[in-house]
Amino acid sequence: MDGKPKPVDEILIVKNLKKSFEKKGFFHKKETIRAVDNVSFSVIKGQTFVLAGESGSGKTTIARLILGAIEPDSGEIIFDGISLDGRLQSINKVRRNCQMIYQDPYSAIDPRMKVVDIVREPLDIHGIGRPSERQSLVLDALRDVSLDPDEIASKYPHMLSGGQRQRVAIARAITTKPKMIIADEPVSMLDVSIRVGVLELMSKLQQRHGISFLYITHDLSTARYVGHVIAILYRGSIVEMGEINNVIKRPLHPYTQALINSIPDPYPGNHQGEKKFRINRTEESGSDKGCRFRTRCPYATEKCLEEPELEKVEEGRFVACFFRWN
Ligand SMILES: Nc1ncnc2c1ncn2[C@@H]1O[C@H](COP(=O)(O)OP(=O)(O)OP(=O)(O)O)[C@@H](O)[C@H]1O
Ligand code: SF4
Ligand SMILES: [Mg+2]
């Protein structure tokens, strides 16, 4: 030990995060939705962490909790060494250093503003750079996302293609030089032919500026383009987490295996997927007791009436299942 403080490798640490919502069910009976249930993970600086799961699994709720848009019921979020305690100071620090890209770029940009003003707005909000410098920061950001400022700066969003609009949203996200970007399904509304270009852009920005990404998706085939580590969410809980290539090539949780099987030929060399099963779709609803995948899992036994914890099964790999399927 040389006595020097150890550098912190994580840009984001999420510990035992919980968030429930009340919903009115049949006959006005109140139902509690455990949208995020004891979720823990961390994002290493300069890497992309993928949160993957089907619709309603809690992905966006986790993003909103990180950005301080909603408060957790319990748990802790530490961003760049600072614990988010609900106070404005910590929320402002995250909002300046952690930007969000949405599925629909229109939700982040005002259709009545010109591109130059859209990209400049976060600089004005956070008071970054002298007003005279902001113009050149905007032009740099547009060039960074491979848009020609001369061609695009004075256009309105409706004059752009879907891919250009998402690039403008990315330029807006990077003008403040954030340490992390949360990208919530950033390519799912784009034409398949331009998805890869946007994903490659994200990787380039990561290499150029060291930005960490939290990439949220229901689509594992896009995740493997950008991800380093992946967590598979099922009904608010992480069921498997590990290095992305390992998880995709050798999924250990029955739900992950079913998800991989549903990707059209992700790795032609991965024959392991062929002997695995597909999800039992006749029983869509999950169970609140025991393993929440129990009602869809063909391997379920009496033991699965207990809730499995997310446990380390090998270096860097965590699985919440009583059985090992490797
Ligand atoms: N404000 C809210 N009030 C009530 N329920 C909510 C609220 N926000 C989210 N939920 C519920 O919490 C669960 C998780 O929702 P969330 O939007 O996080 O899922 P998601 O994984 O992002 O889904 P999608 O892929 O469709 O975007 C869902 O059952 C949703 O209906
Ligand atoms: S714990 Fe049981 S029900 Fe849950 S995934 Fe594993 S085998 Fe299936
Ligand atoms: Mg969502």
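**Two ligand shells and the strands and helix around them**

In this predicted model, the shell around ligand 1 is made up of eight polar, three nonpolar and two charged residues. That shell counts 13 residues, and the closest are Phe21, Ala35, Ser55, Thr60 and Thr61. Three elements each give at least two residues to the shell around ligand 1: strand E1 (10-24), strand E2 (30-44) and helix H1 (59-66). Of these, H1 provides the largest share, with three residues.

Ligand 2 sits in quite another setting. Its shell has eleven nonpolar residues and one charged residue, with no polar residues. The cysteines around ligand 2 are Cys291, Cys297, Cys304 and Cys321. Phe293, Phe322 and Phe323 are also found around this ligand, along with Tyr299, Ala300, Pro254, Pro308 and Arg294.

As for the protein chain as a whole, ten helices and twelve strands are present. Of its 326 residues, 39% are buried. Among contacts with a separation of 6 or more, 63% link residues 24 or more positions apart.

Helix H1, already met beside ligand 1, merits a second look. Its buried residues are Lys59, Thr61, Ile62, Leu65 and Ile66. Viewed down the axis of H1, these buried residues fall within an arc of 165 degrees, so they line one face of the helix. Thr61 thus appears twice in this account, as one of the closest residues to ligand 1 and as a buried residue of H1. Just after the helix comes Gly68, with a positive phi of about 75 degrees.

Strands E1 and E2, which also contribute to the shell around ligand 1, belong to an open sheet of four strands. The strand order in this sheet is E2-E1-E4-E5, and the pairing is antiparallel. E2 and strand E5 (82-83) form the edges, each pairing on one side only. Strands of a sheet pair through backbone hydrogen bonds, either parallel or antiparallel. Strand E4 (residues 74-79) is joined to E5 by two bridges, and one residue of E4, Ile78, has Ser83 in E5 as its bridge partner.

How buried or exposed is Ile78? With 17 other C-beta atoms within 10 Å, Ile78 is partly exposed, because a residue needs 20 or more such atoms to be buried and 12 or fewer to be exposed. Once neighbours within four places in sequence are left aside, Ile78 is in contact with Ile13 and Ser83. Ser42 is 36 residues away from Ile78 in sequence, while their C-alpha atoms are 9.3 Å apart in space.

Further along the chain, strand E10 (residues 237-243) pairs with two other strands, E9 and E12. E10 is mostly covered, with six of its seven residues buried. Strand E9 (residues 229-234) runs antiparallel to E10, and six bridges join the two. The hairpin of E9 and E10 has two residues between the strands, and Arg235 takes a positive phi near 45 degrees there. Strand E12 (residues 317-319) also pairs with E10 in the antiparallel sense, over two bridges. Glu240 ties these pairings together: Glu240 is the bridge partner of Ile232, and Val319 in E12 is the bridge partner of Glu240.

Key. Residues numbered from 1 in each chain as written. Chains lettered and ligands numbered in written order. Predicted model: local features only at pLDDT ≥ 70, side-chain atom pairs only at ≥ 80, totals over all residues. Near = placed C-beta within 6 Å. Nonpolar A, V, L, I, M, F, W, Y, C, P; charged D, E, K, R; others polar. Contact = placed C-beta atoms within 7 Å. Arc of directions from axis to C-beta. Pairing = 2+ DSSP bridges.
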